[in-house]
Structure formats: structure tokens, C-alpha cells
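Student: Could you take me closely through one part of this model, one residue at a time, and then place that part within the whole chain? I would like the cut-offs behind each term to be stated as you go.

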Amino acid sequence: QVQLVESGGGLVQAGGSLRLSCAASGRTFINYNIGWFRQAPGKEREFVAGIAWSGGTYADSVKGRFTISRDNAKTTVYLQMTNLKPEDTAVYYCAAGSLGVVITTAYAYDYWGQGTQVTVYS
């Protein structure tokens, strides 16, 4: 079993940066893919970024602006967000799923955090 807790959200001006953290507990953290999703009011939850062992997979809307990374020793995954835009405003969630190719659909992930709010103003 894996438990996930997000942190690092807040209120930022357009063009600014934030780093989100996803802290995991459980001795099998290294065996999971980790994905970041977001959900804005009135919209469906959408994939943002995901990582298996290394590298990263990104939604077209955030490519070149967001970077996902993981520190297995700290059992933590990060989402570095730069050049933020008002349309990035949402609750951001991290999720854990089976290790392998990154999957971009929310239903494929088994464990979820409670989310952290990101608000970007212009």
C-alpha cells in the first residue's frame, strides 16, 4: 500500500514558478509509476505529467514549462512548474500506478493524494 501527500501549492502571478511535492509512504515506492493530474472547476481531471524510472511524459499544454522528477531515497516526486499561466489554475493531485510505460488516464492509477491548490493570476 502507498499513501501520498501533496504540498507546495499556492497563489502566484502569471509567469512565476512553483514546485509541488508528492511525499509517499510505503516500502515499495520504487516499484510504482507516479503521475500528476489536475482538475479545474467544472472540468474533468486531466493528465499533466508522469514518470517511471526516469525521464518524463508531459501533456502538450505543459511541455517545456513543467518538469517531473523523483527521489526514491526520499520517496518523493516533484513537479517543477515555470512560466505559469492562468489556465494552469487547478487542484493538482499525484497518483501511483503500476510500474511501466506511463499511462495518461486517471482510472489506471490505484492510489491518490488529497490534492493541493494552484492559483495563477494575471
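Tutor: Thr75 counts as partly exposed, because its relative accessible area of 21% falls between the limit for buried (under 20%) and that for exposed (over 50%), as found with a 1.4 Å probe and with protein chains only. The model is a predicted one, in which local features need a pLDDT of at least 70 and side-chain atom pairs count only at pLDDT 80 or more, while totals for chains, interfaces and linings use all residues. Residues are numbered from 1 along each chain as its sequence is written, and side-chain values use heavy atoms, with hydrogens and water left out.

Thr75 sits in the loop between E7 and E8, where helices (H or I, at least four residues) and strands (E, at least two) are DSSP runs numbered from the N terminus. Its backbone deserves attention, since phi is positive there, about 45 degrees, although Thr75 is not a glycine. Most residues other than glycine have a negative phi. Another positive value in a residue other than glycine belongs to Asn83, with phi near 50 degrees, and the place of Asn83 is the loop between E8 and E9. Strand E8 covers residues 76–81, so that Thr75 and Asn83 belong to the loops on its two sides, given that elements are numbered from the N terminus. Asn83 has a relative accessible area of 40% and is therefore also classed as partly exposed.

The strand that precedes the loop of Thr75 is E7, residues 66–71, and Ser69 lies in it. Ser69 is partly exposed at 33% relative accessibility. Residues up to four places away in sequence being left out, Ser69 touches Ile51, Thr76, Val77 and Tyr78, a contact being a pair of heavy atoms within 4.5 Å. Three of these partners, Thr76, Val77 and Tyr78, fall within the residue range of strand E8. Ser69 and Gly55 stand 14 residues apart along the chain, and their C-alpha atoms are separated by 7.5 Å.

The loop between strand E8 and strand E9 (90–98), which holds Asn83, also holds Asp88. In contrast to the partly exposed Asn83, Asp88 is buried, with a relative accessible area of 1%. Neighbours within four places in sequence set aside, Asp88 is in contact with Arg38, Arg65, Phe66, Asn83, Val118 and Val120, and this list thus includes Asn83 from the loop as well as two arginines, Arg38 and Arg65.

From Val77 one can move on to Ile34, since Val77 is among the contacts of Ser69 and also among those of Ile34. Ile34 lies in strand E4, residues 32–39, and is buried, with a relative accessible area of 1%. Apart from residues up to four places away in sequence, its contacts are Phe29, Ala49, Gly50, Ile51, Ile68, Arg70, Val77, Ala95, Ala96 and Tyr109. Ile34 and Cys22, with their positions 12 residues apart in sequence, are 9.1 Å apart in space from C-alpha to C-alpha.

Strand E9, which follows the loop of Asp88, contains Tyr93. Tyr93 is buried, its relative accessible area being 14%. Its partners, again without residues up to four places away in sequence, are Glu6, Gly35, Trp36, Phe37, Gln39, Arg45, Trp112, Gly113, Gln114 and Gly115; among them, Gly35, Trp36, Phe37 and Gln39 have numbers within the range of strand E4. Tyr93 and Val5 are 88 residues apart along the chain, yet their C-alpha atoms are separated by 8.8 Å.

The whole chain gives these details their setting. There are zero helices and 11 strands in the protein. Of the contacts with a separation of 6 or more, 60% join residues 24 or more positions apart, and buried residues make up 41% of the 122 residues. The C-alpha atoms fill a box of roughly 40 × 25 × 25 Å, taken along the principal axes. The radius of gyration, 13 Å, agrees with the value near 14 Å that a compact globule of 122 residues would have; this radius is taken over C-alpha atoms, and the globule rule is 2.2 Å times the number of residues to the power 0.38.
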